[in-house]
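Hi,

Here is the structure I promised to pass on. Have a look at it first, and my notes follow underneath.

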Amino acid sequence: MGSVFGVPIRLHFTFLLLLVLLTVFGLNGSESGVMQALYLAMLFLSVLLHEIGHAAVSTRFGIRTIEIIVFPIGGVARLERQPKPTEEFWIALAGPMVNLAIAAALFVYIGNTRGIGAILQPTDDNLTERLAYGNLALAIFNMLPAFPMDGGRVLRSVIARFRSEADATRIAAASGRILAMGLAIYAIVSGQYLMLFIAFFVYLGAAQETIATTGRMLTQGVPVRSAMVTDFRTLAHGQTIREAADLLLATSQQDFPVMLGDQVIGLLSRNLLLRGLAASGPEAYIAGVMDRAFSRVGPDVDLAEAVPVLARSGSCALVMDGDKLLGLLTTENLSEFLVLKQMGFQK
Ligand SMILES: [Zn+2]
């Protein structure tokens with residue numbers, strides 16, 4: 001959708017689903033379509049500002065925001081690394097505070113222009129009032145102490161002061177599931193089926209958060225060297241794309257370090273190989289298409305810190321001790337490592 005301060009902003013496909021649902025059910029038959037569209041656009045902007053609030057505070061803690069994804073029930077600012085509990089507390093709080101500030105500013109404006117009465121007796125056709133209440137609702141909903149809401153993160157960071165992070169996550173996720181159940185039951189009893197949709201997302205979000213935390217705990221304190229590929233093939237810098245393609249077929253490897261003597265000078269991924277093949281044909285040299293600015297990690301770096309590096313670089317990072325190539329860290333191998341570790345396998 002574009003970017004703000006260099007942070008890409010994406011719409012989750014379910015957001016479109018919500019728009020379709022809203023059109024089908026019709027939020028309020030008496031309203032003009034233009035007003036409705038304007039209100040939704042302004043609400044969307046409020047959600048975006050909420051996420052930018054998270055991103056701004058995490059930047060203050062030196063954590064880069066990889067992207068902002070907007071879901072129907074709010075957004076997610078994906079951070080480069082998991083913040084520490086105190087950092088998480090402030091980052092999570094920042095979003096709802098933005099909505100609270102917007103609501104407060106709008107209420108003050110309404111109070112000044114049309115008197116307190118206008119705030120207490122809102123009408124459906126007034127955009128400013130609806131937006132003020134909409135932002136208040138966003139702030140309150142997001143402060144519910146359950147995953148995946150911001151309130152759940154605040155709760156986790158507070159519990160993490162007394163208990164382990166695993167316990168804190170479990171409690172926040174459990175309250176997320178309970179909230180989702182409660183919402184679902186209420187939706188069915190009251191006939192507000194749109195709320196069923198929200199309940200579904202809350203449940204999904206709580207589960208996702210648990211998985212992310214489990215992944216983090218499985219990788220924390222584990223050196224990169226125990227999850228790397230040590231049995232791999234390399235290419236010499238004078239080889240052609242044809243020879244690289246042969247090796248791609250003959251092995252299950254997808255990323256090949258390119259060597260000049262015993263020095264690594266590049267990394268040829270499957271994608272780059274195919275692109276080179278399409279652009280220059282099979283007889284071109286791989287040195288012309290390989291990635292010279294490949295990602296590298298040290299063998300003793302914590303796996304939890306290496307995963308974001310891997311995520312940024314694509315599917316493969318080279319494990320190097322100084323200039324010496326020791327192995328490959330690939331997403332495929334990493335997931336195998338995690339499955340084995342979860343089953344209690346120790347190397
Ligand atoms: Zn938030």
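Let's start with one residue: is F201 buried or exposed? F201 is buried, because its relative accessible area is 7% (buried means under 20% relative accessible area, exposed over 50%, partly exposed in between, with a 1.4 Å probe and protein chains only).

Before the rest, a word on the source. This is a predicted model, so local features need pLDDT of at least 70 and side-chain atom pairs count only at pLDDT 80 or more, while totals for chains, interfaces and linings use all residues. Residues are numbered from 1 along each chain as its sequence is written, and side-chain values use heavy atoms, with hydrogens and water left out.

Now the aromatics. The structure holds four aromatic pairs (rings of Phe, Tyr and Trp, the last by its six-membered ring, pair if their centres lie within 6.5 Å; planes under 30 degrees apart count as stacked, over 60 as edge-to-face and the rest as tilted). One of them is F89 with W90: the ring centres are 5.0 Å apart and the planes sit at 90°, so this pair is edge-to-face. F89 is partly exposed at 23% relative accessibility, and W90 is partly exposed at 48%. F200 and F201 are edge-to-face too, because their planes are at 80°, with 5.6 Å between ring centres. F200 counts as partly exposed, at 48% relative accessibility. F197 joins F200 and F201 in one aromatic cluster.

There is also a charge over a ring: R130 lies over the face of Y39, 4.0 Å from the ring centre (the cut-offs are NZ of Lys or CZ of Arg within 6 Å of the ring centre and within 35 degrees of the ring normal). R130 is among the buried residues of helix 5, which also include E129, N135 and F141 (helices are DSSP runs of H or I with at least four residues, strands are runs of E with at least two, and both are numbered from the N terminus).

On to the strands. Five of the six residues of strand 6 (residues 255-260) are buried, so the rest of the structure largely encloses it. Strand 6 runs parallel to strand 5 (residues 235-236), joined by two bridges (two strands pair if DSSP finds at least two bridges between them). One bridge links L235 to V258. With strand 7 (residues 263-269), strand 6 pairs in the antiparallel sense over six bridges, and P257 has L267 as its bridge partner. Two residues lie between the strands of that hairpin, where G261 takes a positive phi near 65°.

Cheers
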